[in-house]
Each structure stands twice: as structure tokens, then as C-alpha cells.
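Welcome! Take a look at the sequence and the model below, and keep both at hand while you read this short tour.

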Amino acid sequence: MGLFTAEIAVWSKGYVWQEVDGRRCLEPRGPFADGSFRRYDPFAESPLAFDELAQLGRGVDERDDSEERVADFANRRGLLWGQGQPHRPGLSTFDNWSAEAKLLAGAVRLWESDDGDKANQLSQLLARRPGLALTHAVDMKPDGSLVVGLHVAELVQVLWAQFTLWAAGHVQARRCRQCHRLFEIRPGMRSDRLYCSRRCNNAAYERRQLDATGIKSETDVGKSPRGK
Ligand SMILES: [Zn+2]
């Protein structure tokens, strides 16, 4: 257990868009009798999950597949709100998802920008986020010694805490030159690595080859992190 800890429940049967009180909401695919939750700690398992939602925030609303992409995120990472049991329908509206993803995208973009006014803009943006609700967590290691940490209950708060941990330099990460996703620099990895994966490395190599011959690449899977 790190200093921060969470236990996020992801419905094993996935989430689907449904009408709840006339609004599009992401709800667990029923029935509840024949499903279960996968539980994981995003701080340990995916400390850069915040960037996945930020990436989504860059195109949300303008893209036809926005709902699908939000559902895909939820199926992997869980719902942003309402982690408490039982499930409360109607919390995960598309508008809420969209707004949160855009704010996170804005925060990441500001942090990485050269904007001279970014300190001011970032603090204004962060002031619009609700405060973190932390509880204490105590765990026992296999050797019997105790560890204490701070528990964050909801995924939306986890993601903002992850953003701060990353911006404060507690997570070593770099943005892939090919797909523009953040990837973690773990111990044993070259710190000057430019690509997140062999796939991106190969795609970038191929693109350079094609650029050299003046043919436009069709293998460029990258989407600009700064929009159009
Ligand atoms: Zn990549």
C-alpha cells in the first residue's frame, strides 16, 4: 500500500447507456443477480488513469463515438461517482462525464503548456474541483508490520489526486511521441525512452521512413494531445 490507496469496484458485466429520468446515464448492465465486481487500487495498478480520462476529454461532444469511449473507460476503470453500495442510478450522466473529462484535459494541457499565466489558470481550474475526502487506512504486511495510508473513496477524486501526484513529480512519466499517451518510467527502464510500446516505436519508425519518401503515413495512430 502506498501513501494513497483506493478500492474501486468495476461491474464485471460492464456498463451501458440508459435513460434515467430523461437523461443519458451510464448504468451497470443487469441483472445484478448474475454479476460481480472486480476491485482494484488505481493508485497501484494504473497511476496514469487520469490521463486516459483527459485524453477522452479532448474530443468528447464533437465525436459520434463519445458515449462508446466513455463506456469503454468505465468498463476498464469503473464509474467516476457513486462507488458506495448499493448502486445509485442516475449519477453518471453523459454531461457529468463530459464536464469532468474536459476539466481534467484542461488541467493536463495547462500543466504541460508554456503559458505564462498557467499558474493562475490552473489554480482557478483546480478550485472548481471538490476537496478530497480522505479516510485513514491501516493494513498489515505479510511480516506482521503495520502500514497506514490515506484512503480515497471515489474514482473521480482518485483521478484528480493522481493528476496532482504526477504534476508534483511523484510518478515518473513521459508522453509517447507517437500515440501521445502518458507512460510510466519504471525502475530499470531507460529514462530517455520516447515511445510507450514496441508498437508505437515501430509505427514511428515506419512514419519516418514514409516521411522520407514523401508519402503520407496511414499508420499514424497518434491523435494530437492539444486538439486541432
Ligand atoms: Zn505510444
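Let us begin with a residue in a turn. Asp21 counts as exposed because it has 8 C-beta neighbours inside 10 Å, and 12 or fewer is the range for an exposed residue. Keep in mind that this is a predicted model. Asp21 sits in the loop between E3 and E4. Its phi is near 50°, which is a positive value in a residue other than glycine.

**The hairpin around Asp21**

What joins the two strands on either side of this loop? Strand E3 (residues 15–20) and strand E4 (residues 23–28) pair over six bridges in the antiparallel sense. Together E3 and E4 form a hairpin with two residues between them. At one place along this pairing you can find Val20 opposite Arg23 in E4.

Follow the chain past E4 and you reach the loop between E4 and strand E5 (37–40), where Pro31 is found. Look at the bond just before Pro31: the peptide bond from Gly30 to Pro31 is cis, and its omega is near -10°.

**A sheet of three strands**

Now turn to another set of strands. Here is some background: strands of a sheet pair through backbone hydrogen bonds, either parallel or antiparallel. In this model, an open sheet of three strands has the order E1-E7-E6, and its pairing is mixed. Strand E1 (4–5) and strand E6 (134–140) are the edge strands, each pairing on one side only.

You can see the mixed pairing by taking the two pairs in turn. E1 and strand E7 (residues 146–152) run parallel and are joined by two bridges. Phe4 stands opposite Leu150 in E7, and Thr5 stands opposite His151 in E7. E6 and E7, in contrast, run antiparallel, with seven bridges joining them. Within that pair, Ala137 has Gly149 in E7 as its bridge partner. E6 and E7 also form a hairpin, with five residues between them, and Gly144 in the turn has a positive phi of about 90°.

**How the helices pack**

Which residues of H4 take part in packing against other helices? Start with H2. Helix H2 (residues 49–57) and helix H4 (residues 94–112) pack with their axes 7 Å apart, at an angle of about 105°. That angle makes H2 roughly perpendicular to H4, because angles of 65 to 115 degrees count as roughly perpendicular. On the H2 side, the contact is made by Phe50, Asp51, Leu53, Ala54, Leu56 and Gly57, while H4 brings Ala101, Lys102, Leu104, Ala105 and Val108. Sorted by class, this contact has eight nonpolar, one polar and two charged residues.

H4 also packs with H6: their axes come within 11 Å and cross at roughly 5°. So H4 is roughly parallel to H6, as angles under 35 degrees count as roughly parallel. In this contact, Glu100, Leu104, Ala107, Val108 and Trp111 of H4 meet Val156, Leu159, Phe163 and Ala167 of H6. By class, the contact of H4 with H6 has eight nonpolar, no polar and one charged residues.

**Residues in loops**

Asp21 has company in the loops. Asp61, found in the loop between H2 and helix H3 (66–77), has a phi near 85°, again a positive value in a residue other than glycine. Here are some loop residues with their neighbour counts and exposure.

| Residue | Other C-beta atoms within 10 Å | Exposure |
|---|---|---|
| Asp21 | 8 C-beta atoms | Asp21: exposed |
| Asp61 | 11 C-beta atoms | Asp61: exposed |
| His170 | 13 C-beta atoms | His170: partly exposed |
| Ser191 | 7 C-beta atoms | Ser191: exposed |

His170 lies in the loop between helix H6 (155–167) and strand E8 (173–175). From C-alpha to C-alpha, His170 and Glu62 are 33 Å apart in space, and they are 108 residues apart in sequence. Ser191 is in the loop between strand E9 (182–184) and helix H7 (198–213). Ser191 and Asn201 are 10 residues apart in sequence and 15 Å apart in space, C-alpha to C-alpha.

**The whole chain**

Finally, step back to the chain as a whole. How is the protein chain divided into domains? Domain 1 covers 4–171 and domain 2 covers 174–228. Taken over C-alpha atoms, the centres of domain 1 and domain 2 are separated by 26 Å.

Note on methods. Residues are numbered from 1 along each chain as its sequence is written. This is a predicted model: local features need pLDDT of at least 70, side-chain atom pairs count only at pLDDT 80 or more; totals for chains, interfaces and linings use all residues. Axes are lines fitted to C-alpha atoms, for helices over the stretch in contact, and angles run from 0 to 180 degrees between N-to-C directions. Helices (H or I, at least four residues) and strands (E, at least two) are DSSP runs, numbered from the N terminus. Angles under 35 degrees count as roughly parallel, over 145 as roughly antiparallel, 65 to 115 as roughly perpendicular and the rest as oblique. Two residues are in contact if their C-beta atoms, placed from the backbone, lie within 7 Å. Ala, Val, Leu, Ile, Met, Phe, Trp, Tyr, Cys and Pro count as nonpolar, Asp, Glu, Lys and Arg as charged, and the others, Gly among them, as polar. Two strands pair if DSSP finds at least two bridges between them. Domain bounds come from an automatic or database domain assignment. A residue is buried if 20 or more other C-beta atoms lie within 10 Å of its own, exposed if 12 or fewer, and partly exposed in between; C-beta atoms are placed from the backbone.
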